[in-house]
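Got your viewer open? Keep the selection tool handy, and we'll go from stop to stop together.

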Amino acid sequence: MKNMKKLLLSLGLVLVLILTACGDDSDNADSNDDAGESTPETISEEMEYTITGIEPGAGMSGVIDDMIENEENLQGWTHQTSSTGAMLTELDQAIQNEEPIVIAAWSPHYMFAKYDIKYLEDPNELFGGEEDVLKLGRLGFEEDFPIAAEIVRNFYLEIDVIEAALLDSQEQEISVPEVVETWVVDNEDIVNEFTDGVAEGSGETIELVVTSWDSELFPAYVLKHALEGHGFTVNVTKVDPAIMFESIASGSADVTTAAWLPLTHGAFAERYEGEYIEMGPAYEKAKTGLAVPTYVELDSISDLVPNE
C-alpha cells in the first residue's frame with residue numbers, strides 16, 4: 001500500500017511538472033503572438049510617422065500640411081513632398097517589400113489599377129469627399145446642336161475603366177489619344193450606347209475643351225470618337241481650368257467633360273453660374289485622400305497615431 005501511495009504521488013508530481021511546462025509554452029506563444037501583432041501604434045512607427053506626398057505646390061499637398069498642423073493624431077508627423085513619380089517609386093518599393101506606407105492619392109489614377117491599395121476613410125472629410133466630373137455646355141448648345149447634345153448627355157464612363165486605360169498608357173508608353181484608338185475598337189459596345197437610337201450629324205464642328213490631365217483626356221477623346229463616328233467634326237483643345245470655364249461661359253467652346261464639382265472647380269462654377277448648362281456626369285467618384293496598400297491593417301485616417 002505504501003509503495004502504491006508513493007507511486008501515485010510520483011505520478012502526480014510528474015503531471016504537475018508537465019502541465020506547468022505546457023503553461024509556460026502557451027504563455028510564451030501568446031507573448032510572441034502579441035509581440036508580432038500589428039497595431040496602429042506599431043504601423044505608424046514603421047511608417048516613421050511620414051506621409052509620402054507629391055509636388056509641394058499641389059492642392060492636396062496643402063491639405064496634408066494643414067492636417068499635420070491641426071489634427072491631434074497627426075502631431076509630430078512629416079509630410080515628405082517631392083514629385084508624383086517619386087511617390088509612385090516609394091509605393092512600388094514598399095509593396096515589393098510588403099512594408100507599410102501611406103501616400104497622397106487621387107482617383108482616377110492608374111495606381112489603383114496597378115496596385116492593391118485602398119483609401120483610408122476620411123470621417124472628418126478633411127479632403128472634402130467624393131466629386132462628380134461633369135459635362136458642361138455653353139448656353140444655346142442644345143438648341144444649336146440637338147443631336148450632338150443628346151450624345152453628350154448619353155456619354156458616361158466608369159472610373160475603373162478610366163484607370164485601366166491610364167495604366168495601359170503608362171505601361172505601353174503611349175499617349176492617351178493613342179490608347180483611345182485601341183480602346184474604342186475593343187469596347188465598341190460601350191461606345192454604341194452613347195449613340196444608340198440617335199440620328200446622324202451633318203458634319204457640324206464641335207469645340208470641346210478639356211484640362212490637360214490624362215484622367216480628363218481619356219473621356220474627352222472617347223467622346224470625340226463617338227461624335228465623329230456619328231457625323232460630327234470635333235476639335236479637342238487642352239486648357240487650364242480657368243480658361244475651360246471661361247471658354248464655355250463666353251461661348252467660344254461648346255462643351256467640356258472635365259468639370260470637377262463641387263470642390264476642385266467650385267470657385268469657377270460659382271463665378272460663371274448661369275452662364276453654362278450642366279449635362280450630367282462624365283464619370284463619378286473622383287476623389288483625393290490618403291491611401292495604403294491593402295495589407296496595411298489600417299482603415300481610417302483617425303487610426304494613425306501621433307509621434308510622441
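Before the first stop, one definition: two strands pair if DSSP finds at least two bridges between them. With that in mind, select strand 5 and strand 9: six bridges join them, and they run antiparallel. One thing to keep in mind along the way is that this is a predicted model.

**The whole chain**

Zoom out for a moment. The protein chain has 13 helices and nine strands. It is 308 residues long, and 43% of them count as buried. The surface it exposes comes to about 15,900 Å², with carbon and sulfur atoms supplying 47% of that. Among contacts with a separation of 6 or more, 82% are between residues 24 or more positions apart.

**Strand 9 and its partners**

Now select residues 276-293, which make up strand 9. Which strands does it pair with? You've already met strand 5. Add strand 3 (residues 102-107), joined to strand 9 by five bridges, again antiparallel. Here Ser107 stands opposite Lys287. Then add strand 4 (residues 117-119), which runs antiparallel to strand 9 with three bridges. Look for Tyr119 there, opposite Ala291.

While you're in strand 9, click on Lys285. It isn't a glycine, yet its phi is positive, about 70°. Most residues other than glycine have a negative phi. Lys285 counts as exposed because its relative accessible area is 53%, and the cut-off for that word is over 50%.

**Arg138**

Go back to strand 5 (residues 131-138) and pick Arg138. Its bridge partner in strand 9 is Tyr276. Is Arg138 buried or exposed? It is buried, because its relative accessible area is 11% and the limit is under 20%. Show side chains and you'll find a polar contact from Arg138 to the side chain of Asp144, at 3.0 Å. Other residues that Arg138 touches include Phe145, Ile248, Gly251 and Ile277. Try a distance too: from Arg138 to Glu278 is 9.0 Å, C-alpha to C-alpha, though they sit 140 residues apart in sequence.

**Helix 12**

Ile248 leads us to the next stop, helix 12 (residues 241-250), where Met244, Phe245, Ser247, Ile248 and Ala249 are buried. What do these buried residues pack against? Strand 5, strand 6, strand 8, helix 13 and strand 9. At the start of the helix, look at Asp240: one of its side-chain oxygens comes within 3.1 Å of the backbone nitrogen of Ala242. After the other end comes Gly251, with a positive phi near 90°.

**Rings and core**

Keep Phe245 selected and add Phe268 and Tyr276; the three form one aromatic cluster. The structure holds eight aromatic pairs. One of them is Phe141 with Phe145: the ring centres are 5.9 Å apart and the planes are at 50°, so this pair is tilted. Both rings belong to buried residues, with Phe141 at 0% relative accessibility and Phe145 at 16%.

Next, the largest nonpolar core, which has 96 residues. Select Met47, Trp77, Met111, Phe218 and Leu290, the members that touch the most others. The largest share of this core, nine residues, comes from strand 9. Around Phe218 you can pick out neighbours it touches, including Leu157, Val161, Val176 and Trp183. In soluble globular proteins, nonpolar side chains tend to be buried together.

**His79**

Now jump to strand 2 (residues 78-80) and select His79. At 13% relative accessibility, this residue counts as buried. Its side chain makes a polar contact with that of Asp65, at 2.8 Å. Ile51, Gly53 and Ser61 are among the other residues touching His79.

**Some backbone oddities**

Last, turn to the backbone. Most peptide bonds are trans. Select Ser107 and Pro108, though, and you'll see a cis bond with omega near 5°; Pro108 is in the loop between strand 3 and helix 5. Another cis bond runs from Leu261 to Pro262, with omega near 15°, and Pro262 sits in the loop between strand 8 and helix 13.

Finish at Glu98, in the loop between helix 4 and strand 3. Like Lys285 with its positive phi, Glu98 is a non-glycine residue with a positive phi, about 50°. Glu98 is also exposed, with a relative accessible area of 58%.

Note on methods:
Residues are numbered from 1 along each chain as its sequence is written. This is a predicted model: local features need pLDDT of at least 70, side-chain atom pairs count only at pLDDT 80 or more; totals for chains, interfaces and linings use all residues. Side-chain values use heavy atoms; hydrogens and water are left out. Helices (H or I, at least four residues) and strands (E, at least two) are DSSP runs, numbered from the N terminus. Buried means under 20% relative accessible area, exposed over 50%, partly exposed in between (1.4 Å probe, protein chains only). Contact means heavy atoms within 4.5 Å. Accessible areas come from the Shrake-Rupley method with a 1.4 Å probe; for residues, only the protein chains shown count as cover. A polar contact is a pair of N or O atoms within 3.5 Å; within protein, one must be able to donate a hydrogen and the other to accept it, and residues adjacent in sequence count only if both atoms are side-chain atoms. A nonpolar core is a set of buried Ala, Val, Leu, Ile, Met, Phe, Trp, Tyr and Cys residues joined through side-chain atoms within 4.5 Å. Rings of Phe, Tyr and Trp (its six-membered ring) pair if their centres lie within 6.5 Å; planes under 30 degrees apart count as stacked, over 60 as edge-to-face and the rest as tilted. Lists of a residue's contacts leave out its neighbours within four places in sequence.
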